Amino acid sequence: MEIELVQWPEESSKLDAVRQAGAPRLVIVSRDAAPPPVVLGIEDWIREPVHAADLEARLSGLRL
């Protein structure tokens, strides 16, 4: 299953839809925003600016 990338808080409605679909997701949190509450297991978040190594580590964790 593909991991959805969601910009927070700009795409809050997309996050709701992806959660309802049960898809794994990585929430990319804007620099000045508080992260959303995380649904454990198939959701994680990372703060902007996103570094490639950090992004890959988070995506790998969601693939397990």
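The exercises below, each with a worked solution, concern a predicted model.

**Exercise 1. The sheet**

Task: Find the order of the strands in the open sheet, and state which strands lie at its edges.

Solution.

Step 1. Start with S1 and S2, which pair in the parallel sense over five bridges. Within this pairing, Val6 has Val27 of S2 as its bridge partner, and Leu5 stands opposite Leu26 in S2.

Step 2. Go on to S2 and S3, which also pair in the parallel sense over five bridges. Here the bridge partner of Arg25 is Glu43 in S3.

Step 3. Put the pairings together: the open sheet has three strands in the order S1-S2-S3, with parallel pairing. S1 and S3 are the edge strands, since each pairs on one side only. From one strand to the next the twist averages 25°.

**Exercise 2. The helices on the sheet**

Task: Describe how H1 and H2 lie relative to the strands, and state the handedness of the β-α-β unit.

Solution.

Step 1. H1 lies across S1, S2 and S3, and runs at about 145° to S1.

Step 2. H2 also lies across S1, S2 and S3, and runs at about 175° to S3.

Step 3. Follow the chain from S1 through H1 to S2: these elements make a β-α-β unit, and the unit is right-handed.

**Exercise 3. The strand S2**

Task: Decide how many residues of S2 are buried, and work out which way their side chains point.

Solution.

Step 1. A residue counts as buried when its relative accessible area is under 20%. By this cut-off, five of the five residues of S2 are buried, so S2 is largely enclosed by the rest of the structure.

Step 2. Sort the residues by direction. Arg25, Val27 and Val29 point one way from S2, while Leu26 and Ile28 point the other way.

Step 3. Compare this with the general rule: in a regular strand the side chains alternate between the two faces of the sheet. In S2, the residues pointing either way are all buried.

**Exercise 4. Salt bridges between elements**

Task: The structure holds five salt bridges. For three of them, find which elements are linked and whether the residues described are buried or partly exposed.

Solution.

Step 1. Recall the principle: side chains of opposite charge can pair when their charged atoms come close.

Step 2. Take Lys14 and Glu4, whose closest N and O atoms are 3.9 Å apart. Lys14 belongs to helix H1 (residues 12-21) and Glu4 to strand S1 (residues 4-8), so this salt bridge ties together parts that are ten residues apart in sequence. Lys14 is partly exposed at 29% relative accessibility, and Glu4 is partly exposed at 27%.

Step 3. Take Glu43 and Arg25, which meet in a salt bridge of 2.5 Å, N to O. Glu43 sits in strand S3 (residues 43-47) and Arg25 in strand S2 (residues 25-29), 18 residues apart. Glu43 is buried, because its relative accessibility is 5%. Arg25 is buried as well, at 2%. Arg19, Arg25 and Glu43 are linked in a network of salt bridges.

Step 4. Take Asp44 and Arg58, with closest N and O atoms 2.9 Å apart. Asp44 is in strand S3 and Arg58 in helix H2 (residues 52-63), so the pair ties together parts that are 14 residues apart in sequence. Arg58 is partly exposed, at 34% relative accessibility.

**Exercise 5. Two loop residues**

Task: Locate Pro24 and Ser30, decide whether each is buried or exposed, and list their contacts.

Solution.

Step 1. Pro24 lies in the loop between H1 and S2. With a relative accessible area of 8%, Pro24 is buried.

Step 2. Leaving out residues up to four places away in sequence, Pro24 touches Met1, Glu2, Ile3, Glu4 and Ile42. A distance can be added: Pro24 and Gly41 are 17 residues apart in sequence, and their C-alpha atoms are 8.4 Å apart in space.

Step 3. Ser30 is placed in the loop between S2 and S3. Its relative accessible area is 12%, so Ser30 is buried.

Step 4. Not counting neighbours within four places in sequence, Ser30 is in contact with Trp8, Pro9, Glu10, Arg47 and Glu48.

Methods
Residues numbered from 1 in each chain as written. Predicted model: local features only at pLDDT ≥ 70, side-chain atom pairs only at ≥ 80, totals over all residues. Heavy atoms only, no water. Salt bridge = Lys/Arg side-chain N within 4 Å of Asp/Glu carboxyl O. Helix = DSSP H or I, 4+ residues; strand = E, 2+ residues; numbered from the N terminus. Buried < 20%, exposed > 50% of the residue type's maximum accessible area, 1.4 Å probe, protein only. Contact = heavy atoms within 4.5 Å. Pairing = 2+ DSSP bridges. Right-handed = clockwise from strand over helix to strand, strands pointing away. Axes fitted to C-alpha atoms, helices over the stretch in contact; angles between N-to-C directions.
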